[in-house]
Amino acid sequence: RTYDIAVIAGDGIGKEVMPEGVRVLEAAARRHGFTLRQKWHDFAHCDYYARHGRMMPENWKEEIGRPDAIFFGAVGWPAIVPDHVSLWGSLLQFRREYDQYVNLRPVRLMEGVPCPLAGRKPGDIDFWVVRENTEGEYSAIGGRMFEGTDRELVMQETVMTRKGVDRILKFAFDLARTRPRRLVTSATKSNGIAITMPYWDERVEAMAASYPEVSWNKFHIDILTANFVLKPHIFDVVVGSNLFGDILSDLGPACAGTIGIAPSGNINPEREHPSLFEPVHGSAPDIAGQNVANPIGQIWSAAMMLDHLGEKGAAAEIVAAIEAVLKEPSLRTRDLGGSADTASCGKAIAALLS
Ligand code: NAI
Ligand code: MG
């Protein structure tokens, strides 16, 4: 098996954690007998913008070609480029052009990571957040009227399509089917948002009918966020619209500890286009260049990428190696109270795969 991977390190600590992600990928490939053909791209970072006045070359799609996946670090350097420019000029281009309509994040409390929720132990928190990534509340339909008068008015429409809603729900139910508890929780607000959210609920019910082996429930978004904090053990797969999913996919990993270890996938499940895997964190200008960044978010993203490529065994082993290293205080990075630097943490994880 050979996989073509586009590698984009980006800015700041993206450049420090990416080599560790690749180190672990290579160790997993040797051990499991597959080959990764890497193509590193020197764009989608702010130095590129400083030189060319844009984040990526005009023909970036040709440059990237047809890789099996994109492995991404972090983008953004606000001292050179405003954040909305760097983000829209890079990551959001990939999400849109490659129809990566699933944003997927694991929420898992691991030993060695301090949990901000009192009394929770590793094993108590283990679920996935599935966010719709292309439509919903983040639409361009709307506008301003009567500006500057006392009748001033702004509005922005939510757009849900049957195709868009059904495909994200299908992903969530398919994922739940692979889990021991086989439970889907839907985020809704059909009591207050009385047109789009009842539609969302209807589609959940229709989808659930074709998954008799998966159970499901729904919560309004307000109590759902409270339950993330109060009862995180009740969740298995949580699915939400673009806005609700955005909130839950930051809240979930925050409930399970440091931002330095959280991974994410921007996925096109049909594999018509490449999917992109990246840590949740950004370029962390405050610690960049010091070799203290936690590489685990990048490494866990590598595991998600291998899982997506079908290398399930290798993916599970990387997650197990992360868990083993986190148990060892001397191998933890500074954000977890340790003194290991970025490379020694990455090497320790890679060593467990050799
Ligand atoms: P950030 O995630 O870069 O940093 C937030 C805080 O967490 C900082 O104190 C940082 O030191 C710490 N941190 C983050 N990752 C860490 C790691 N691996 N190990 C240890 N500590 C870590 O978010 P911030 O500061 O809001 O944004 C900085 C830049 O990153 C901005 O340009 C922003 O637009 C960009 N950004 C990019 C993202 C992406 O590429 N997907 C996501 C979030 C922000
Ligand atoms: Mg967000």
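This tour goes from the sheet to the ligand and then along a chain of helix contacts. The model is predicted.

**Stop 1: the sheet**

Start by colouring the strands. Ten of them, written as 10 strands in the order β2-β1-β3-β12-β11-β4-β5-β10-β8-β9, make up an open sheet. The pairing is mixed. Now select residues 35-40, strand β2, and residues 215-220, strand β9. Both stand at the edges. Each has a single partner strand, so one side of each lacks a neighbour in the sheet. Turn the view to follow the twist, which averages 25° from one strand to the next.

Stay with the sheet and select β8, residues 183-188, together with β10, residues 237-240. In which sense do β8 and β10 pair, parallel or antiparallel? They pair in the parallel sense, over 3 bridges. To find the register, label V184 and look across to β10, where V237 stands opposite.

**Stop 2: ligand 1**

Select ligand 1 and show its surroundings, a set of 22 residues. Which of them come nearest? Label G76, G260, H281, G282 and N294. Then colour the shell by class: 11 residues are nonpolar, 7 polar and 4 charged.

**Stop 3: α1 against α10**

Select residues 14-32 for helix α1 and residues 296-309 for helix α10. Their axes come within 8 Å and cross at roughly 40°. Angles under 35 degrees would count as roughly parallel. At this angle, therefore, α1 is oblique to α10. The crossing of α1 past α10 is right-handed.

Show side chains at the contact. From α1, pick V17, M18, E20, G21, V24, L25 and A28. They meet G297, Q298, I299, S301, A302 and L306 of α10. By class, this contact holds 8 nonpolar, 4 polar and 1 charged residues.

**Stop 4: α10 against α11**

Keep α10 and add helix α11, residues 312-326. How far apart are the axes of α10 and α11? They lie 7 Å apart, with a packing angle of about 160°. That angle makes α10 roughly antiparallel to α11. Here α10 passes α11 in a left-handed crossing.

On the α10 side, label I296, I299, W300, A302, A303, L306 and D307. Opposite them in α11 are K312, A314, A315, I318, V319 and I322. The class count for this contact is 11 nonpolar, no polar and 2 charged residues. Note I299, A302 and L306: these α10 residues meet α11, and they also meet α1.

**Stop 5: α11 against α12**

Now hide α10 and bring in helix α12, residues 342-351. It packs on α11 at an angle of about 125°, the axes being 9 Å apart. The angle makes α11 oblique to α12. This crossing is right-handed.

For the contact itself, select A321, I322 and V325 in α11. Add C345, A348 and I349 in α12, which they meet. What classes of residue are in the contact of α11 with α12? There are 6 nonpolar, no polar and no charged residues. End on I322, which meets α12 here and is also part of the contact of α11 with α10.

Terms used: Residues numbered from 1 in each chain as written. Chains lettered and ligands numbered in written order. Predicted model: local features only at pLDDT ≥ 70, side-chain atom pairs only at ≥ 80, totals over all residues. Axes fitted to C-alpha atoms, helices over the stretch in contact; angles between N-to-C directions. Helix = DSSP H or I, 4+ residues; strand = E, 2+ residues; numbered from the N terminus. Parallel < 35°, antiparallel > 145°, perpendicular 65-115°, else oblique. Left-handed = near helix turned anticlockwise from the far one by under 90°. Contact = placed C-beta atoms within 7 Å. Nonpolar A, V, L, I, M, F, W, Y, C, P; charged D, E, K, R; others polar. Pairing = 2+ DSSP bridges. Near = placed C-beta within 6 Å.
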